[in-house]
Amino acid sequence: MRANCWYGKKDVRIENVPDPEILNPRDAIVKVTSTAICGSDLHLYDGFVPAMEKGDILGHEFMGEVVDVGDAVSNLKVGDRIVVPFPIACGSCFFCQQELYSVCENSNPNAWMAEKMWGHSPAGIFGYSHLTGGYAGGQAEYVRVPFADVGHLKVPDGLSDEQVLFLSDILPTGYMAAENCDIKPGSTVAIWGCGPVGQFAIQSAYLLGAERVIAIDRFPERLRMAWEKSKAIALNYEEVDVSDALKDLTGGRGPDACIDAVGMEAHGMGIMGAYDRVKQAMAAQTDRPVALREALMSCRNGGVVSIAGVYGGFLDKVPFGAVMNRSLTIRTGQTHVHRYMQPLLERIRNGEFDPSFVITHRMALDDAPLAYEMFCNKQDDCIKVVLKP
Ligand SMILES: [Zn+2]
Ligand SMILES: [Zn+2]
């Protein structure tokens, strides 16, 4: 089959690789009909995630048709159309029982690697380095889905791939980021990053009762989308001082909740931005926490800072004194996607969400190298790419 494989920094290639096969009784093989490139794939593309190996198949946002099932999978059959969540979860361990699927303790065969980096291991993830299991990803014609009996959502007739594909990651991720904010009627929520996750976090915050959502970015096309599609107040941080603007909009107090939908490769300005770029390039810090710093400093006393952006390791100059002295709550985590798929599918069916609005580019899987380059450089106002095998 053809698959999009990682070869190094800014180097992905379409290669012919062996077809996946059933290895365990709870596996299924899915013929991919749609797959997407995620902002977090860019952390791999830009070489900031360790434990990648040449030839690794990328992709954790995918859906398709079941073409083979293991003997222990009784709730799927050949021909079923499914969306697959990006974290791999067993469905029955201590964490899965509490619906904390992204920290399943049975799905990362390389747990020892993750334990060295993070103390304990999270769940395995498709196409996301050997630190999270080394599983082959879904930017391919076929993919093996472990624990397929719990890790799938059957797609009802009448819904297109583009309406449901993002249930695999970014729609639940944006929704969980907003849910973590404890939104009350009248709340003001500020969101750093208007990529697809930020766009869904804006819509989710309004759906959960926020009175005002303030969207922060520097790309005009993303700010325009945030305003036109979701009526967010748009702030371009290259044009205004964000911390002053947020004070002005909230009577000096600060937003009730702040969402960081940016993560480890934030674009920084001024002295701190230069400091982060140098330290990350020297491998003296793993992440550039520009958006996180700003969110922590801007949030009102007693508010919530919800982190949806991906961080990898050790962060420098994070104003933890602000967290302690001003009673801030930090909530974060890889998304517990399994928990959100069915309820969000219902919201799509009844018209509360139409996630397809974030798609700006539709390309063939064979064009993945070009698609990564365009998405990485935001060429042609690229916000979200869907690939068709
Ligand atoms: Zn993703
Ligand atoms: Zn589990």
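Start by selecting G8 and D11: D11, in β2, is the bridge partner of G8. Before moving on, note that this is a predicted model, where local features need pLDDT of at least 70, side-chain atom pairs count only at pLDDT 80 or more, and totals for chains, interfaces and linings use all residues. Residues are numbered from 1 along each chain as its sequence is written, chains are lettered from A and ligands numbered from 1 in the order written, and side-chain values use heavy atoms, without hydrogens or water.

Now widen the selection to β1 (residues 2-8), which runs antiparallel to β2 and is joined to β2 by six bridges. Strands here are DSSP E runs of at least two residues, helices H or I runs of at least four, numbered from the N terminus; two strands pair if DSSP finds at least two bridges between them.

Add β4 and you have an open, antiparallel sheet of three strands, ordered β2-β1-β4. β2 (11-16) and β4 (56-57) are the edges, each with a single partner strand, so one side of each has no neighbour in the sheet.

Next, show α13 (residues 368-376), lying across β1 and β2 at about 160° to β2. Angles run from 0 to 180 degrees between N-to-C directions, with axes fitted to C-alpha atoms, for helices over the stretch in contact (heavy atoms within 4.5 Å).

Last stop: the zinc ion (ligand 2). C90, C93, C96 and C104 coordinate the zinc ion through their SG atoms at 2.3 to 2.4 Å; donors are N, O and S atoms within 2.8 Å of the metal (3.2 Å for Na, K and Ca), and water is not among the atoms, so sites may look incomplete. Along the chain, the donor spacing is C-x2-C-x2-C-x7-C.
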